[in-house]
Amino acid sequence: MKDVAKVAGVSTATVSRTLMNPDKVSSLTRQKVENAVLEVGYYPHNLAKNLRRNESRTILVIVPNISDPFFTEIIRGIEETAAEQGYLVLIGDCTHQQKQEHAFINLLITKRIDGMVLLGSSVPFDVSKEDQKNLPPMVMANEFSPELELPTVHIDNLTAAFNATHHLQKLGHKRIACITGPDNMPLCHYRLQGYIQALRRTGEDIRDEYIVRGNFTHKSGANLAKTLLSLPEPPSAIFCHSDVMAIGAMWQAKKMGLKLPEDLSVVGFDDLDLAQYSEPALTTVAQPRYEIGHHSMLLLLEQLQGRLVSKGSRLLDVELIIRASTCSPKS
């Protein structure tokens, strides 16, 4: 504080007053003190206390793609739950994993984070199973990756996809296509398996040309819908692994002159806010995204408080929301 006072040209009492009761000093004085604090690298007492305890009160959340609107509610669930316990949340985007790897490792080495929540299926840096024991507590949310042996909060993607496909079957659809997500995401394998099991349950053939792989973007949904609808025998319905791809698929179908849902039924996955405002409103699998974030943060807090948390799945319920994008096929 003496160093700060010297640089700012004020007394130590003024420094203390500025940091503890900033509204009781002038804006000019406050600016001088704040600039001096930055210059000399002064840490307020509570932060210094946390450092002595080896605590940063900071959580790192690793997101596969920060631009994907699916993750917003999960992150909100994490942040609000963390804030209630006095924790700050940092967001790391895995889309630029190669550039970020060094930064993530630096955070771990310098102990500037107390724990991590992974919203994807991989740790964003190379680490052996033995080294994993030396990392701060980690929880996985949304995905499920048994080999990492982490406490995990997610949904039953296989059953959810089965029910979405079965909904189309009950409407009378026989030619049902599937736009999947990326091959490197375990949840996409489960959703594809649910689609396949639904078709097998009713004795339908699994047509390879009806299964196409996207990347959770509007563009991939539109491009793949064009491919499917250009087949000699196009599908009468499409099940998409995300709402974003489903809306892209509907846009493309309308661009090709099809009437929805009469000419083509579409089912999405996630129940993003935009799903109910699309035209037509999208039938979709509603994930409890806020609850996924909330419960994953609760699991991490339990570990940070020294409690033993069992590894493995915590499954949350989903619901198929039926809207106007699906109907019986033309006879």
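**Salt bridges and strands in a predicted model**

Tutor: Arginine 76 is partly exposed, with a relative accessible area of 35%; this class lies between buried (under 20%) and exposed (over 50%), with a 1.4 Å probe and protein chains only. The model is predicted, so local features need pLDDT of at least 70 and side-chain atom pairs count only at pLDDT 80 or more, whereas totals for chains, interfaces and linings use all residues. Residues are numbered from 1 along each chain as its sequence is written, and side-chain values use heavy atoms, without hydrogens or water.

Student: Which residue meets the side chain of arginine 76 in a salt bridge at 2.9 Å, N to O?

Tutor: A salt bridge requires a side-chain nitrogen of Lys or Arg within 4 Å of a carboxyl oxygen of Asp or Glu. The partner is 3 residues away in helix 5, so about one helical turn separates the two. Its relative accessibility is 23%, hence partly exposed. The residue is glutamate 73.

Student: To which residue, 26 residues away in sequence, is arginine 207 tied?

Tutor: Arginine 207 lies in the loop between helix 9 and strand 7, where helices (H or I, at least four residues) and strands (E, at least two) are DSSP runs numbered from the N terminus. The closest N and O atoms of this salt bridge are 3.1 Å apart. The partner lies in the loop between helix 10 and strand 8, so the pair ties together separate parts of the sequence. The residue is glutamate 233.

Student: What is the nearest side chain of opposite charge to arginine 191?

Tutor: Arginine 191 is found in helix 9 (residues 186–201). It is buried yet has no salt bridge; for charge, Lys and Arg count as positive and Asp and Glu as negative, with His and the chain ends not counted. At 4.3 Å, the nearest such side chain is that of aspartate 270.

Student: Which strands stand at the edges of the open sheet of 6 strands?

Tutor: The order is 7-6-8-9-10-12, with mixed pairing; two strands pair if DSSP finds at least two bridges between them. Each edge strand has a single partner strand, so one side of each is left without a neighbour in the sheet. These are strand 7 (211–213) and strand 12 (319–321).

Student: How many bridges join strand 1 and strand 2?

Tutor: Strand 1, helix 5 (residues 71–84) and strand 2 make a β-α-β unit. Strand 1 (residues 58–63) and strand 2 (residues 88–93) pair in the parallel sense, and isoleucine 59 stands opposite valine 89. The number of bridges is 6.

Methods:
A crossover is right-handed if, with the strands pointing away from the viewer, the path from the first strand over the helix to the second runs clockwise.
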